[in-house]
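Me: Please pick one part of this molecule and take me through it slowly. I am new to reading structures, so plain words would help.

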Amino acid sequence: HAHRRLSSSALELLLEVMASFATAVAAPQLVRARIHREVLPLSRSLPLQSGTVRRAWGVDGGIRGSCRLGVSANGVGASTASLGAAKSDVMTAITGTESGLNCSASRRASIEACITALEALSPTQQPASSHLVDGNWRVVYSTAPAPSNGSLGPFKGTAFQDINLADHSYANVLAVPPNAWLDARLVAGWEALIDEDGRTGRLWVVDFKSVTVRVFGVDLFTKTFADTTRVWDTTFVDSDTRVVRAARTMAGLRTQGARGRKAQAGVEDDCVFVMVRA
């Protein structure tokens, strides 16, 4: 077990990790009754229309950068070529950003425009209940605070999301190289919201269960949650790409206050995740 002995400097780093993680996961508790009161009346699916990017950026003749505008709501009538081009725009825009960790404010705004254009082409009508969301996803870009953005204290890693559609559970996993010597695992469940047409639309209320941080495969600490929830909006999903907007409350999600910029821990703001099949 010699490899598990930690020097004082390493312990200091781990304490910094723990402090950072505790700050990130600490949030106002949302009682389920409040979620149902705030979310259910607004839980109808809201497909993005063509021109959304223009409205979002306050320009009338196009947008900054090379991203294409969506041509239809929820991808109806969108060609395979236009969908592929929009996904390529997003992947090109995020290249070199370390999944959003190394990204200027102006570049983050340009990436947001590309993501919004892709969302307008989503080919899946009811993504919250679609079989397409099932399985393991790797986060390639996010505006979320740590550790959801791929960082844990001073360390950088790769974030994954493993969804089990059958039992309404998922795990967020952050693995720090090499060999995932440091990792964090957040376990949660969700409840798909029914819109006024009786469909599950795009929204989930996510209920955090526990989070565990490990070093060399040994549990360092575990935190359990009680009535700690989030609202997720799956705005795009197909066989290999997924986009999720997340916020502490429905109001934060709809305010869109963090669109195009980095969200701050503890702020009731929305953030975005772009994921690909792992």
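Reply: Let's begin with a term: two strands pair if DSSP finds at least two bridges between them. Helices (H or I, at least four residues) and strands (E, at least two) are themselves DSSP runs, numbered from the N terminus. This is a predicted model, in which local features need pLDDT of at least 70 and side-chain atom pairs count only at pLDDT 80 or more, while totals for chains, interfaces and linings use all residues. Residues are numbered from 1 along each chain as its sequence is written, and side-chain values use heavy atoms, with hydrogens and water left out.

First, a quick view of the whole. The chain has 6 helices and 11 strands. Of its 278 residues, 49% are buried, where buried means under 20% relative accessible area, exposed means over 50%, and partly exposed lies in between (1.4 Å probe, protein chains only). A contact means heavy atoms within 4.5 Å. Among the contacts in the chain with a separation of 6 or more, 63% link residues that are 24 or more positions apart.

Our close look goes to strand S4, which covers residues 158–164. In a regular strand the side chains alternate between the two faces of the sheet. You can follow the two faces of S4 by eye: Ala159, Gln161 and Ile163 make up the covered face, while Thr158, Phe160, Asp162 and Asn164 make up the uncovered one.

Now meet the partners of S4. One of them is strand S1, residues 135–142, which pairs with S4 in the antiparallel sense over 4 bridges. To find this pairing on the model, look for Asn136, whose bridge partner in S4 is Asp162. Another place to look is Arg138, which stands opposite Phe160 of S4. Both Asp162 and Phe160 belong to the uncovered face we just traced.

S1 itself is mostly covered, with 6 of its 8 residues buried. S1 also pairs with strand S11 (residues 271–277), again in the antiparallel sense, over 5 bridges. Here Tyr141 stands opposite Val274 in S11.

Back to S4, which also pairs with strand S5 (residues 169–176). The two run antiparallel and are joined by 7 bridges. Ala159, from the covered face of S4, has Leu174 in S5 as its bridge partner. S4 and S5 form a hairpin with 4 residues between the strands, and in this hairpin His168 takes a positive phi near 55 degrees.

The loop between S4 and S5 also holds Ala166. Is Ala166 buried or exposed? Its relative accessibility is 79%, so Ala166 counts as exposed. Try finding His131 as well: Ala166 and His131 are 35 residues apart along the chain, and their C-alpha atoms are separated by 9.3 Å.

For a second example of a hairpin, turn to strands S9 and S10, which have 3 residues between them. S9 spans residues 229–237, and 9 of its 9 residues are buried, so this strand is largely enclosed by the rest of the structure. S10 covers residues 241–247 and runs antiparallel to S9, with 6 bridges joining the two. One pair to look for is Asp233 with its bridge partner in S10, Arg245.

S9 pairs with strand S7 (residues 203–215) too, in the antiparallel sense, over 5 bridges. In this pairing, Val206 has Arg230 of S9 as its bridge partner.

One more stop is Thr224, a residue of strand S8, which spans residues 218–224. Thr224 is exposed, with a relative accessible area of 59%. Leaving aside residues up to four places away in sequence, Thr224 touches Lys209 and Ser210. Thr224 and Thr212 are 12 residues apart in sequence, and from C-alpha to C-alpha they are 8.8 Å apart in space.

To retrace the path, start at S4 and go across to S1 over 4 bridges, then return and cross to S5 over 7 bridges. From S1 you can step on to S11 over 5 bridges.
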